[in-house]
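The following explanation considers how charged side chains connect the elements of a protein chain. The reader is invited to keep the sequence and the coordinates at hand.

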Amino acid sequence: MTAATRSSARDTDQRAAQWLERRHREDWSASDEAALDAWQAEDVANRIAFLRVEAAWNRAHRLSALRRPPD
């Protein structure tokens, strides 16, 4: 893998993370969802990056729930 390829992959992962963070905001709209869908449709690497970041987000959320002390 070349430096340019690594940089591109890193940029794609960062963009996927930004999309996921935005998706969890209260002001997420149908037009935001359409823009995310369009970004994912641009390149299979975008879709894969988003799914990978989303899976990590979900795992982290589940793990943090296990750490919470009972009420």
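The paragraphs below proceed from the overall fold to the individual salt bridges.

This is a predicted model, in which local features need pLDDT of at least 70 and side-chain atom pairs count only at pLDDT 80 or more, whereas totals for chains, interfaces and linings use all residues. Residues are numbered from 1 along each chain as its sequence is written, and side-chain values use heavy atoms, with hydrogens and water left out.

The protein chain contains 3 helices and 0 strands, and its elements follow the order α-α-α from the N terminus. Helices (H or I, at least four residues) and strands (E, at least two) are taken as DSSP runs and numbered from the N terminus. Of the 71 residues, 18% are buried; buried denotes under 20% relative accessible area, exposed over 50%, and partly exposed the range in between (1.4 Å probe, protein chains only). The accessible surface amounts to about 5500 Å², and carbon and sulfur atoms contribute 54% of that surface. These areas come from the Shrake-Rupley method with a 1.4 Å probe; for residues, only the protein chains shown count as cover. Among contacts (heavy atoms within 4.5 Å) between residues at least 6 apart in sequence, 54% join residues at least 24 apart.

Salt bridges offer a view of how the helices are linked. A salt bridge is defined as a side-chain nitrogen of Lys or Arg within 4 Å of a carboxyl oxygen of Asp or Glu, and by this rule the count is 5. One of them joins arginine 52 to aspartate 13, with an N to O distance of 2.5 Å. This pair connects helix H3 (residues 44-67), which holds arginine 52, with helix H1 (residues 3-23), which holds aspartate 13, across 39 residues. Arginine 52 is partly exposed at 44% relative accessibility, and aspartate 13 is also partly exposed, at 27%.

Helix H1 is also linked to helix H2. Arginine 22 and aspartate 32 form a salt bridge at 3.1 Å, N to O; arginine 22 lies in helix H1 and aspartate 32 in helix H2 (residues 30-42), 10 residues apart. Arginine 22 is partly exposed, with 25% relative accessible area, while aspartate 32 counts as buried at 17%.

A further bridge pairs glutamate 54 with arginine 23 at 3.3 Å, N to O. Glutamate 54 belongs to helix H3 and arginine 23 to helix H1, 31 residues apart. Glutamate 54 is partly exposed at 23%, as is arginine 23 at 28%. Through shared partners, salt bridges unite Arg23, Glu33 and Glu54 in one network.
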